[in-house]
Amino acid sequence: MIDQPHVSIVESLGNGNDRMTIVPTQPDRDAAMDDLIDALRRFTVESDVFVDVFARAHGLGRSDLYAIMWIARGTTAGDPITVGELAHRLRLSPAAATALVDRLEAVGHVSRTRDPNDRRRVTVAMQETALRVATAFFVPLGLRMNDAAAEFTPEELARTAEIVRRLTIAVTAASRSPEPTL
């Protein structure tokens, strides 16, 4: 009998059925990682398509949506973002980030506020109406995602979240490296 890692003796012998294929009992780590990366790629593409529906419905571009995500996150966390921080996160020049915030402010999605403790610091926050519109669109997606993961334990979900966070750090680092690696 050929030594095959991660294959049980019953699977190897086929229980008398010479047509039975050998099935691994535990996925190979590289294959599992490839499957995870492929799943995340598909998730990213489908998420982008979903978000584009929202963007088109509200006359927003991709950079606008990314900015709104960071601004909304800061607003809901009680820690509003500055235009400079937004420029850094979106990898835009300060002038481009200012123009983006100008556009969002002109259509009523965001507002600027001077920090009362440091008048030089200006933060950007979501307007309540924009938060309501975004919530109405994205909450149903969150509910579907919750339903899709209903069978997983809190521990499995926490472990998965940690893996996705680490992979996000890897993607962020790759996008900030001076030369892309091929």
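Here is a walk through this structure, from the whole chain to one helix and then to the core.

This is a predicted model, in which local features need pLDDT of at least 70 and side-chain atom pairs count only at pLDDT 80 or more, while totals for chains, interfaces and linings use all residues. Residues are numbered from 1 along each chain as its sequence is written, and side-chain values use heavy atoms, with hydrogens and water left out.

Let's start with the overall layout. The protein chain has seven helices and three strands; helices (H or I, at least four residues) and strands (E, at least two) are DSSP runs, numbered from the N terminus. Along the sequence they come in the order α-α-α-β-α-α-β-β-α-α. Of the 182 residues in the protein chain, 18% are buried, where buried means under 20% relative accessible area, exposed over 50%, and partly exposed in between (1.4 Å probe, protein chains only). The chain exposes about 13400 Å², with carbon and sulfur atoms supplying 58% of it; these areas come from the Shrake-Rupley method with a 1.4 Å probe, and for residues, only the protein chains shown count as cover.

Now zoom in on helix α5, residues 94–106. Which residues of α5 are buried? They are Ala97, Leu100, Val101 and Leu104. They cover an arc of only 95 degrees around the axis, so they lie on the same side of α5; the arc is that of the directions from the helix axis to the C-beta atoms. Their cover includes α3 (62–77), α4 (83–90), β2 (110–115) and β3 (118–126). On the other side of α5, Ala95 and Ala106 are exposed; Ala95 counts as exposed because its relative accessibility is 58%. Just after the helix, Gly108 takes a positive phi of about 85 degrees.

Leu104 also leads us to the largest nonpolar core. A nonpolar core is a set of buried Ala, Val, Leu, Ile, Met, Phe, Trp, Tyr and Cys residues joined through side-chain atoms within 4.5 Å. This one has 24 residues, and Leu60, Ala67, Ile71, Leu86, Leu104, Val110 and Met126 touch the most other members. The elements that give two or more residues to this core are α2 (29–57), α3, α4, α5, β3 and α6 (128–148). The largest share, five residues, comes from α3.

Finally, take a look at Met126. Not counting residues up to four places away in sequence, Met126 touches Ile68, Ile71, Ala72, Thr75, His109, Val110 and Leu131, where contact means heavy atoms within 4.5 Å.
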